[in-house]
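Here is a set of short exercises to work through with the model open beside you. Try each task on your own, then follow the solution step by step.

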Amino acid sequence: MWEIFKFELIYRLKRPATFIYFAILFLMAFCAITTDVIRVGGGAGQVKENAPTTIAFFLIILSVIPGLILASSIMGQPIIRDFKNNTASMMFTSPITKTQYLGGRFLGSFVMLVFIFSGIILGMALGYLMPWIDQEKLLPYNFWHMLKPFLIFVLPNAFIMGAIFFASGTLSRNIMVVYVQGILLFIIYAVTTELMEGWENQALGAILDPFGINTNNHITRYWTVAEQNSQTIGFTGIIVWNRLLWIGVSILSLFLTFWRFDFNLAGNSSKKQRNKTSASKGTQSIKTSVEIPSVHQHSGLATSLSQIMGLSLFYFKWMAKQYTFLAIVIGGIIFTAVGFFFGLGGMYDVDVYPTTYRILNLLGDFNIFFFIIAVLYSGELIWKERDVRINLIYDAMPYPNYVALVGKFLSLVYMFVTLLVILALVGIAAQTIMGYPHYELGVYFRSLFIDDLSNWVLFAFLGFFIHTLVNHKFIGHSLMIVFFVLTLVISQLGFEHQMFLFASGSLGDYSDMNGFGHYFQPFSWFNSYWFGMALVLFTIVLLLTVRGAENAFKMRLKLGKLRINPSLIALGVSSLFLLVSSGSYIYYNTNVINEYQNSDAQLSDQAEYEKTLKKYEKEPLLKIVDTYVDVDIFPETRDFEARGKYVLKNKTEAAIQKVYVQLNPSNEMEDEVSFDVSATISESWDKFDFYIYELENAVAPGDSITMHFTSNFQTKGFVESGSNTEILHNGTFFNSTYFPTFGYQSGNEVGSDDDRKDNDLPEKERMRPRNDPDAIKYNLVGRTSDRTRFEIIISTTPAQIAIAPGYLQKEWEENGRRYFHYKMDVPILNFYSIVSAEYEVLRDKWSNGKQDVILEIYYHKGHEFNLDRMVSSMKKSLDYFTKNFSPYQYRQLRIMEFPRYRSFAQSFSNTVPFSEEIGFMLQIDEDDVDIPFYVTAHEIAHQWWAHQVTEARVQGNAMSSETMSQYAALMVMKQEFPPEIIQKFLKLELDRYLRGRANESKKEQPLDHVESQGYIHYRKGSLIMFALQDYISEDSVNVALRNIIDKWAYREDRYITSDIYLEEFRKVTPDSLQYIISDLFETITLFENRTKEATYRQQGNEYLVEIDISAIKYRADSLGNEIKIPINDWIDIGVYGEDDDGQEKLIYLKKYKINQEEMQFEISVPEKPVKAGIDPINKLIDRNPDDNRKTLTLKKES
Amino acid sequence: MELDIRNLSKTYPNGVRALHNVTLNIPQGMFGLLGPNGAGKSTLMRTIATLQEPDNGSIMLGDIDVLTQKEDVRKILGYLPQEFGVYPRVTAETLLDHLAVLKGITDRKERKDVVHALLHKTNLYDHRKKNLGGFSGGMKQRFGIAQALLANPQLIIVDEPTAGLDPAERNRFLNLLSDIGENTIVILSTHIVDDVKELCTNMAVINEGEVLLTGTPTEALESIKGKIWRREVSKEELDQFDATHNIISKRRSAGKPVIHVLSDHQPDDSFTAVTPDLEDVYFTELFGKKEAVLN
């Protein structure tokens, strides 16, 4: 065995490939560390670039992404090589045993694989030492941080991949089987990734992942910035199981290999067959005297066409019969189908209806297989004749060059079409099985057979080109992959324009409301651009394709010259024309009539805006007190024309001479502004659409002037990317930010500190301090207005209904257009929506005896599924809020659906636009959180918490609007749904909060200083407010909130801040619980509660439960550094029994004072207990919520 | 129609000189191209078959310039390369039919007839539904000739068709070749003299890219008539004779070494005259003349 081993090593060491592979990994690691060109995640914000978790993630990814390919070629080869070079028979007749032979080959190759993989860690180890890396982003150098994950993940991965590939290569003697094996491993990984997306099977996914990527992610999912910077992953817990499982599988496959490998026969399985053939020779009917009939030989176009047909069918059948091909296809389809079980989960684990677009989305999982097929089979087809060495026979046949190439190409196209048909059938079957038989065949067709097909056909062209040009199969495959890496790299270098991104045409998102919308036009142009390019490439392919025995490039060029003929010239010229003309048209659209900037240029403009105009930030502004707008929407052309009037009032103590006008900077907008008093532009910045008007006569305190404006939005052609999804053919929804506003807009500033540094700007806080005396005078909507009277007339196309805040005064048709006049009877925040779409309307009413409210839902036809839930939520919310907070300030409440390009709902005065995506199409089961109900309740709550009590835009502001709306919605839900649903909701909120803090890029704030951090003000907010009402009672919380409304609703002199809430909460909190206000709102407090032992015994009719718990309380800083603090808290102890259906039910729950880390409790319950624990409902924030409860065991009497 | 090859030269990028100033005139009928392995036969054949480019020289097939009018040549060409593979999981009939389409036989009926006729002719008819992967070397070679005969070619090039065949297969194969009509140019390259002896009306010997001899076999035999002498030698004597005589071949007859010597006169009494066969011609061209020059 030693000899074989040595031979293998020496053989490998002589091969340049070994060192090339090593160099690839080394350079990838090195470049990823030292440059921005390759990015493998990690190192964002406060997490250091060499944080242990970043390093670990990075090592694992590199061991898989290029690693899988390298391992398959290293480990699959050794035995196949012996067969290919016919050295097998020599080997097998030499006096070595099977074990020696296989063992030596395996060990030799494996050692080489380890050597190659060590390139990753060496490249990394060297990379971090390079002096040009920003030292501020690095921790002190620590090699152990690299070695440890290398030992835990990379080395076992090498072994796992190595053993499995060795087994498949040795047993099949076919390298394609090894590749398929690699693809299957990848599928297993992808399935485990899908498992991770739900929340119930995460641990399972973490254990089953062959590479440990998900295992690593699962373990570190809640790690805070500080932990990511300091902790390494140990070889404990779930990792051990994962590694043992896969190492076990690998060892098993090695055993199988040693056992099954047939050392004697040398695998001449066709030998028997051959003997049979020659044996039967004697009985042949000899008819050699037959005359060969003379035939007609045709040439010309018709012949060529039928030859192309013949060839393409021939190749198609060949592919379809290939086991490897079938394995890829079947694997891919299974993988895609598996996705259907997990992929329909939307928010809070609720399934979405399997609409056609959603199904198509899931079918997208198959794309990676299309890609593999395009890459692999364009090469296989180009090399087909040469691979079986029948090429010279073919090449001497009298068909033109294009016949073979077009035939091969078409066979690939047939294959794509066939697969797409299969996918469509899979989709339709899935829709049928899932009971949603609304098959939108047109959507299937356009998405699969126009968008996807053209994409893969383009890739096939690319594959043909690369393979023909380089004329070396493996290099060709590698270059295809390099090509994609390069595509990513050039976009990193600033070449982000879609014209640089091969096959970039895309139909975009489909929406039931807006169909494929306006995406078809740019899609068509980009497609013709890329098809022009592809045909140019194909022309080159036709010229340079190898026919005959000449492989030298010089000879091919010479032959190519001979091949030039009028039709080839015509093809070349016309495809070049297509390329250039559609390219020019695209350029004209994206860069001439529209503006194009890459992201660096955008950031630098933003920075310049800040540098130039920030000095005006605190200039006093006139405020809008009256708004009138007249808007004509043209959905057909995606335009609008608005004429408006603001009354601007000086609410300050001093006269105001200047008006700082900020127009909407989008390229589609044209604005004009005029005043009813004499004014001149004193300074202007066209680039920023910022103008300073100097008024001839200053506006005295308390006086007003009127400003008129026209704001026209005109869609011009199409843009490079990020086209406007607010003004649409159907489902327009835009807001007042399109109209002129006033003053410097700090929202335009560059946000991320890294980007600020790149643009020479100082770091900045995300929000102004809570006590900033300037900031608290302005509300969250901006400095432009406090509240304004509001009136609007909207016209639109007759088929659509247009809606804005206010009450409908009049509706009429005139000149083929439909008009709506809305007017609000009380001043509203200067933030209003304008919506226009073809709607069905559901109308209802709500009354509590004192107030009557008209309820309306404007929805897209066919989206009726959850309307009842929404109406119910509207009513229950109005019930609860009017009873516990204050009266509803309007007489009407409307929900309007808008297309799924954006997925949120937003609360404007008496008006709630609500995305198609997040409520209308959810399939709510009995044990699901009712998301439409929840979102509706949350948005309605904003009518109080934002529209009545309005916050200042300072730290902690979202605690007022968002957290209180979460609370309000939770309380409505608590009345409506069983506790299990609420518990599920809270558990998901906890998960999202903990994940959110792990991804924090700057600093985690306590709730009362939250800085637009959704994971805090929504997710943690729900948990905190639920705990608060649990501790001090719902009534007390509501008393505090009512007090706040009394004091703060509609105030304009200053706006509310989070400290006011804490003050009011403290007032309603008993002394013994005062500490919780600080724990919940002012600090980041976490618990590690755990039930260590739990037993029970029967005592007469009662059961005595004994539990041992441990409880640790932590305080975390903004980076997640935790310190233990003494515990002295009231915490639930609970016991669960079982109801008649065997479902758990809570039979005991009581708060105990926990003042030691370890405590014991004895509780007697009247029913047979099943489980017990501390904080069993997870009201407190606990990173291991699952160990709070434990199943009880029967205690033996001692 | 004749095939006229003039001054054809070809040097490979690695420096190997495959053809050097080859000039040949190949009339209709069977033409044998004889030469050892690596003599440049295949390069010449591939060049005639439009699959390779010479560095210079010209090839005319009647009025057709082979080097530029490749498609015209291919229409009337039947080519059997020296080494070729087949799709293992395709049947003989399917592949032959498929190749017939590529030959331009687009009429389905005609194609079927010719495919069946050729399968009969090559004695593969009974195996037509069998996958080519299971074919023996001889069967595969016969399949090769079947495809070369598709569409009544006027120029047939068969490159080393008998290499690796057992005697029975070889016979069968040569019989097949000899059936091909006389109005056709058939170029058969081989390093086996018997192939040429049995079939060809014209022949050439080529070595190291150069044409050493052209003509009919009869003419060739005539040229060395009375110049070939035979002697049995012992092992020890072999070296000695090597030094003193123009040995063109050494072989064994019933275990004893036998040498053939080229000489205008009987070297000595121990040598007996032999009636030269084509093999002697071949070896004379390969070895005799060179030695003569040396001597």
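## Exercise 1: Helices on a sheet

Helix H1 (residues 41-48) of chain B lies across strands E3, E7 (155-159), E8 and E9 of chain B, and its direction makes about 155° with that of E8(B). Note before you start that this is a predicted model.

**Task.** Which strands of chain B does helix H5 touch, and what angle does its direction make with that of E6(B)?

**Solution.**
Step 1. Find H5(B) at residues 137-148; this helix packs on the sheet.
Step 2. Look for its strand contacts: H5(B) touches E6 and E7 of chain B.
Step 3. Compare directions: H5(B) runs at about 165° to E6(B).

## Exercise 2: The order of the strands

**Task.** In what order do the strands of the open sheet of chain B follow each other, and which strands stand at the edges?

**Solution.**
Step 1. Walk across the sheet of 6 strands: the order is E6-E7-E8-E3-E9-E10 (chain B), and the pairing is mixed.
Step 2. Look for strands with a single partner: these are E6 and E10 of chain B, at the edges, so each has one side without a neighbour in the sheet.
Step 3. Check the turn between neighbours: the average is 15°, with direction ignored.
Step 4. Recall the rule behind such pairing: strands of a sheet pair through backbone hydrogen bonds, either parallel or antiparallel.
Step 5. Apply it to individual pairs. E6(B) and E7(B) run parallel and are joined by 4 bridges. E7(B) and E8(B) are also parallel, over 5 bridges. Between E3 (residues 29-34) and E8 (residues 185-190) of chain B there are 6 bridges, and these strands run parallel.
Step 6. Pick out one rung of the last pair: Gly29(B) has Ile185(B) in E8(B) as its bridge partner.

## Exercise 3: One strand in detail

**Task.** Is strand E7(B) mostly covered or mostly open, and which of its residues point which way?

**Solution.**
Step 1. Count the buried residues, meaning those with 20 or more other C-beta atoms within 10 Å of their own. In E7(B), 5 of its 5 residues are buried, and the strand is mostly covered.
Step 2. Sort the side chains by direction: Leu155(B), Ile157(B) and Asp159(B) point one way, while Ile156(B) and Val158(B) point the other way.
Step 3. Follow Val158(B) across the sheet. Leu80(B) stands opposite Val158(B), and Val158(B) in turn stands opposite Leu188(B) in E8(B).

## Exercise 4: Chain B as a whole

**Task.** Why does the radius of gyration of chain B agree with that of a compact globule?

**Solution.**
Step 1. Take the expected value: for 295 residues, a compact globule would have a radius of gyration near 19 Å.
Step 2. Set chain B beside it: its value is 21 Å, which agrees.
Step 3. Add the dimensions: the C-alpha trace of chain B spans about 70 × 45 × 35 Å along its principal axes.
Step 4. Add the makeup: chain B has 10 helices and 14 strands, and 48% of its 295 residues count as buried.
Step 5. Look at sequence separation: of the contacts in chain B between residues at least 6 apart in sequence, 68% join residues at least 24 apart.

## Exercise 5: Two domains in chain B

**Task.** How many residues of each domain of chain B take part in the contact between them?

**Solution.**
Step 1. Set the bounds: domain 1 covers 3-215 and domain 2 covers 222-294 of chain B. Their C-alpha centres are 33 Å apart.
Step 2. Count the contact: 9 residues of domain 1 of chain B meet 5 residues of domain 2 of chain B.
Step 3. Find the main contributor: on the domain 1 side, H7(B) gives the most, with 3 residues.
Step 4. Sort that side by class: 7 residues are nonpolar, 1 is polar and 1 is charged.

## Exercise 6: Where the chains meet

**Task.** Which element gives the largest share of the side of chain B that touches chain A?

**Solution.**
Step 1. Size up the contact: chain B supplies 47 residues and chain A supplies 46 residues.
Step 2. List the elements of chain B giving two or more residues: helix H2 (70-75), strand E6 (77-80), helix H3 (92-102) and helix H4 (108-121).
Step 3. Name the largest share: H4(B), with 7 residues.
Step 4. Sort the side of chain B that touches chain A by class: it has 20 nonpolar, 14 polar and 13 charged residues.

Technical notes. Residues numbered from 1 in each chain as written. Chains lettered and ligands numbered in written order. Predicted model: local features only at pLDDT ≥ 70, side-chain atom pairs only at ≥ 80, totals over all residues. Contact = placed C-beta atoms within 7 Å. Nonpolar A, V, L, I, M, F, W, Y, C, P; charged D, E, K, R; others polar. Domains from an automatic or database assignment. Pairing = 2+ DSSP bridges. Axes fitted to C-alpha atoms, helices over the stretch in contact; angles between N-to-C directions. Rg over C-alpha atoms; globule rule 2.2 N^0.38 Å. Buried ≥ 20, exposed ≤ 12 C-beta atoms within 10 Å, placed from the backbone.
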